[in-house]
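New page in the notebook. I want to go through this one piece by piece and write down what I look up.

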Amino acid sequence: NAGTYVVEIDDPERAAEISTAIDAVFDNSDAQTKTETESAFVAGFIAMAGNLSLLLNAIGLAVTFTILLVSANTMSMAVRERRTEIAVLKTLGFSSGQVMGLVVAEAVFLGFLGGLLGIGGSQSIMWMLTHAPGIKDALAGIGLSELNLQPFVAALGFAVALFLGFAAGFVPALGAYRSRITDMLRTV
């Protein structure tokens, strides 16, 4: 059984009139029709998805939180493994604030590299999708021939990467700030 028929018309202004005429032909049959324009058909599919924006934002927040947890765990392990080095730095005269600054700077630098990698990778994938022969035609068919990374979105993603780096490194840096030299050297 066919579920959808596509009817091409010459005059788009007569779409409502033609839709009514088609539906009238099948009005008293077992298979009644619902004739609508292509844009109304697509809008119906989008409406079935519900609040897609809320869903995508919730997924994005969950992914961001997961990245924060993984990054914080990685930075905690890095600081824990370098307890001796931190004790030596403090012994050589580095203040607790300077040691904390070094740990936070390392975390922010890793966030910086992650942000650059993410933006560069996104831009590369979008360029590849819009220039690959088979994919380019398919994207043009659904109205995405001009797929690109907006500067605001790139800047926001980069800012989130820097914030995640800072947030992931702050707690381990605070631990390095509070630690005493003798306690760190005893655990070797």
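Which residue with a positive phi follows helix 4? I looked just past the end of the helix and found G93, with a phi near 115°. A note to self before going on: this is a predicted model.

**Entry: helix 4**

I stayed with helix 4, which covers residues 83-91, and checked what is buried there: I86, A87 and K90. Then I looked down the helix axis. The buried residues of helix 4 fall within an arc of 100°, so they line one face of the helix. That fits a rule I wrote down earlier: an α-helix has 3.6 residues a turn, so residues three or four places apart point the same way.

What does that buried set pack against? I noted four partners for the buried residues of helix 4: helix 3 (52-81), helix 5 (96-131), helix 7 (151-178) and helix 8 (181-186).

**Entry: K90**

Is K90 buried or exposed? I got 10% relative accessibility for K90, and since the cut-off for buried is under 20%, K90 counts as buried. I also listed what K90 touches, leaving out residues up to four places away in sequence. The contacts of K90 are S96, V99, A176, Y177, S179, I181 and M184.

**Entry: the largest pocket**

Next I went looking for empty space. How big is the largest pocket? I wrote down a volume of about 910 Å³ for the largest pocket. It has 23 lining residues, and the ones closest to the centre are Y5, V6, V7, T35 and E36.

I then asked where the lining of the largest pocket comes from. Helix 1 (15-25) and helix 2 (38-48) each give at least two residues. Helix 1 has the largest share of that lining, with 4 residues. By type, I sorted the lining of the largest pocket into 12 nonpolar, 7 polar and 4 charged residues.

**Entry: the second largest pocket**

The second largest pocket has a volume of about 690 Å³. I found 21 residues lining the second largest pocket, and T64, G157, V160, A161 and L164 are the closest to its centre. Helix 3, helix 5 and helix 7 are the elements that give two or more residues to this lining.

How many charged residues are in the lining of the second largest pocket? I got none: the lining of the second largest pocket divides into 11 nonpolar and 10 polar residues, with no charged ones.

**Entry: aromatic rings**

Last stop, the rings. I found 3 aromatic pairs in the structure. One of them is F112 with F158, an edge-to-face pair at 5.4 Å centre to centre with 75° between the planes. This pair links distant parts of the chain, with F112 in helix 5 and F158 in helix 7, 46 residues apart. I checked how covered the two are: F112 is partly exposed at 32% relative accessibility, whereas F158 is buried at 19%.

Another pair is F166 with F170, and I marked that one as tilted: 5.7 Å centre to centre, 35° between the planes. F166 and F170 both sit in helix 7, 4 residues apart, about one turn of the helix. F166 is partly exposed, with a relative accessible area of 38%, and F170 is partly exposed too, at 34%.

Which residues do the ring pairs link into a cluster? I wrote down F109, F112 and F158.

Note on methods: Residues numbered from 1 in each chain as written. Predicted model: local features only at pLDDT ≥ 70, side-chain atom pairs only at ≥ 80, totals over all residues. Heavy atoms only, no water. Buried < 20%, exposed > 50% of the residue type's maximum accessible area, 1.4 Å probe, protein only. Arc of directions from axis to C-beta. Contact = heavy atoms within 4.5 Å. 1 Å grid on protein atoms, 1.4 Å probe; cavity = no way out; pocket = protein on both sides within 12 Å on 5 of 7 lines; lining within 4 Å. Points joined across faces, edges and corners; volume = space filled by probe spheres on them. Nonpolar A, V, L, I, M, F, W, Y, C, P; charged D, E, K, R; others polar. Phe/Tyr/Trp six-rings, centres within 6.5 Å; stacked < 30°, edge-to-face > 60°.
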